[in-house]
Structure formats: structure tokens, C-alpha cells
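Visitor: Mind walking me through this one? I'd like the cut-offs spelled out as we go.

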Amino acid sequence: MLGGTGFVGSAVARKLMDNGREVTVVARHTPADADLIPGTHVLQRDAADPTVYDELLDSASAVVYAVGCFFPGESNADPLSDIGSLTPLILLLEALRRRP
């Protein structure tokens with residue numbers, strides 16, 4: 001799960017855990033409380049680094065993308081400022097496209 005420490009991502013991760021799924025959360029920084037979501041495995045990786053995706057996808061049976069850094073006030077004032085947050089999504093889609 002990319003973005004599993006944020007508001008939406010952590011809620012999805014909790015629900016997956018409640019349903020008996022094994023969850024690996026990829027985060028830029030290890031959360032201050034490593035047990036933010038008990039039972040999850042946290043990997044410290046930068047989702048904007050294109051070299052991380054092959055490693056992550058090798059052991060994944062599914063991918064949840066919950067990366068976001070949109071703030072409504074800032075987005076409304078300068079929508080183009082949000083484009084940078086799309087880089088991880090593009091990198092993930094490219095990595096998935098390359099897979100057999």
C-alpha cells in the first residue's frame with residue numbers, strides 16, 4: 001500500500017487488516033509510532049524514486065494507491081502545484097505495465 005499512513009490510506013489499511021489481509025505500507029518516513037496500524041509492515045521508501053517499484057511489486061498480490069498531498073485551499077489557489085504528487089502514480093503505472 002502506497003500512502004498507507006495518511007488519512008484515507010490508514011483507514012483502508014485498517015480495514016484490510018480487519019479482514020485478515022497482510023498489509024505492507026510504503027512510506028517516505030517511518031511513522032513516529034511504528035504501530036500506527038498494528039500488524040502492518042512498514043517499508044521506508046520514496047514513492048517518487050522509480051527504482052523502488054520492481055522490488056515492491058515482486059512480493060505484492062495487490063496494490064492500493066492512496067498517495068496524496070492535496071490541500072483544498074492550496075489546490076484551489078494553484079491547481080498546477082498538485083501535479084508533482086502525480087509522479088508516484090505515473091511511476092507505479094509504468095512499473096505495472098512492464099510486468100508480465
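Guide: Sure, starting with terms: buried means under 20% relative accessible area, exposed over 50%, and partly exposed in between (1.4 Å probe, protein chains only). This is a predicted model, where local features need pLDDT of at least 70, side-chain atom pairs count only at pLDDT 80 or more, and totals for chains, interfaces and linings use all residues. Residues are numbered from 1 along each chain as its sequence is written, and side-chain values use heavy atoms, with hydrogens and water left out.

Visitor: Which class does Leu86 fall in: buried, partly exposed or exposed?

Guide: Leu86 sits in the loop between helix 3 (72–77) and helix 4 (87–98); helices (H or I, at least four residues) and strands (E, at least two) are DSSP runs, numbered from the N terminus. Its relative accessibility is 37%, so Leu86 counts as partly exposed.

Visitor: And Thr40, buried or exposed?

Guide: Thr40 is in the loop between strand 1 (24–27) and strand 2 (41–44). Contact means heavy atoms within 4.5 Å, and leaving aside neighbours within four places in sequence, Thr40 contacts Met17, Val23 and Val25. Its relative accessible area is 14%, so Thr40 is buried.

Visitor: Which elements give two or more residues to the largest nonpolar core?

Guide: A nonpolar core is a set of buried Ala, Val, Leu, Ile, Met, Phe, Trp, Tyr and Cys residues joined through side-chain atoms within 4.5 Å. The largest has 11 residues, including Val26, Leu56 and Leu91. Those giving two or more are helix 2 (53–58) and helix 4.
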